[in-house]
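User: I am new to this structure and would like a close look at a single part, the open sheet. Please describe how its strands are arranged and paired.

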Amino acid sequence: MRLSRRGLLRAGLAGTAATALGGLASGCAVPTGSTGRNMVLWYWDGGLGDTVIKNAKARYDATVDLQAIKIGGYYRSKLLTTMTGRARIPDIAGLKGEDMASYLPNANQFVDLRTLGADKYKSQFLSWKWDQGIADDGTVVGFPIDCGPVAHFYQYQVFQKAGLPYEPDDVSAELNTWEKFFAAGEQLKKRIPGTCLLSDVNAVFENVVQQGSRRYVDKDRHFIGDQDHVRRAWALAVEAKRRGIVSDLVSGTPDQLSALQDGKLPSQLNASWATNDIKTGVPKTKGRWRVAQMPVRPSNNGGSFLSITKECREPEQAFRIIAWMLNAANQAQGFVDAGLFPSTPASYAMKTLRAPDPFFGGQVTMDVFGPAAQKIAVAYNSPFDVALSQPLKDEIKNVGVLGKNPEQAWKDAMSKCRRIAKHLGVSY
């Protein structure tokens, strides 16, 4: 299964990004972006739809030679290195959603999109997603590309065989709490030995945290990852392990893909972009899958932005391009091309997104993902969240895969968080 969107986030990345951007010179310099007619856009594989890029080049060809460059490898590191070196900086730069908070403290390295008229577009986007691209001083750094509402993917016939609800509306209604969800996992394992409801405990831990309105560091730069909202997520993940409803497989490995293929892992909590991952990772399961709402309320995983760097010589033209590329119709096309779930609610009713999907048994998956995207809780995303969440994610994985004692794992996570917080200047 392709893991290009989720990736592995390493501890300390947020601090590294903040340091790298913060070290850029703030004085005047010779622009290194466009030279008038040519304009460079950086993005990553799957970051934008191919059709939208092609149409943008054709639409603005009379005035702009738009060069859309797909950057491989560690995208953020390459962007930061280029900006630090102040050479060949793109005019328009994609910013991954998981990295966005680390760019915001250095918003002065990007054009404030309010100065180009961004505010008049705000009502066209999901409000919580729009707010993720705004720095504390009000600067609009990013124009939303997509988002990643999380839902419950499950195999229809396996649930039916296990005596569980199996129609999407019934699964949504009857497995609407974590207790009911866990009980369903126990019934699944009892009725069909060798099966597990979820691949790993992180699916519980991370989604429970993401369901709420608080993360790991607050606006006052204080660590809150030891508070009740995180402790509850940890406890639920440990409970899932105790009740035997999660496997000890690592996501994305051949063993996990085989388990998906064989119906031994007939369920997962994942973002909208996972529709493409499942299709490409286990194509022989076509027709077996359905999508329902996840327990309690939806969470979000992923979703990125386009920004305009300060080195762009024609910011007004660049803004016209990104505003057009990210309108509702083009976001719908982005979903068709690359599974980029629209951050524009007007897209959800469009015909192109309402076609029955044969891979999901003819289900119109937009009926699940659309409402989910509009119910995401608003949360403050600190530039230090990535670094200070990683020890918790690492240690809960140790509990799930290695069987580490949960109490010791929590203590070890907190010890690592204290060291990282001190290094980053976050109060504990």
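Analyst: The following account goes through the sheet strand by strand. This is a predicted model, in which local features need pLDDT of at least 70, side-chain atom pairs count only at pLDDT 80 or more, and totals for chains, interfaces and linings use all residues. Residues are numbered from 1 along each chain as its sequence is written, and side-chain values use heavy atoms, with hydrogens and water left out.

The open sheet has five strands in the order β2-β1-β3-β9-β4, with mixed pairing. β2 (65-70) and β4 (143-144) stand at the edges with a single partner strand each, so one side of each is left without a neighbour in the sheet. Strands here are DSSP runs (E, at least two residues), numbered from the N terminus, and two of them pair if DSSP finds at least two bridges between them.

At one edge, β2 pairs with strand β1 (residues 38-43) in the parallel sense over six bridges. There, N38 stands opposite D65 in β2.

Strand β3 (residues 92-95) runs antiparallel to β9, and four bridges join the two. L95 stands opposite F305 in β9. β9 also pairs with β4 in the antiparallel sense, over two bridges, and the bridge partner of F143 in β9 is L306.

The side chains of strand β9 (residues 305-308) complete the picture. F305 and S307 point one way, L306 and I308 point the other way, and all are buried; buried means under 20% relative accessible area, with a 1.4 Å probe and protein chains only.

How values were computed:
Buried means under 20% relative accessible area, exposed over 50%, partly exposed in between (1.4 Å probe, protein chains only).
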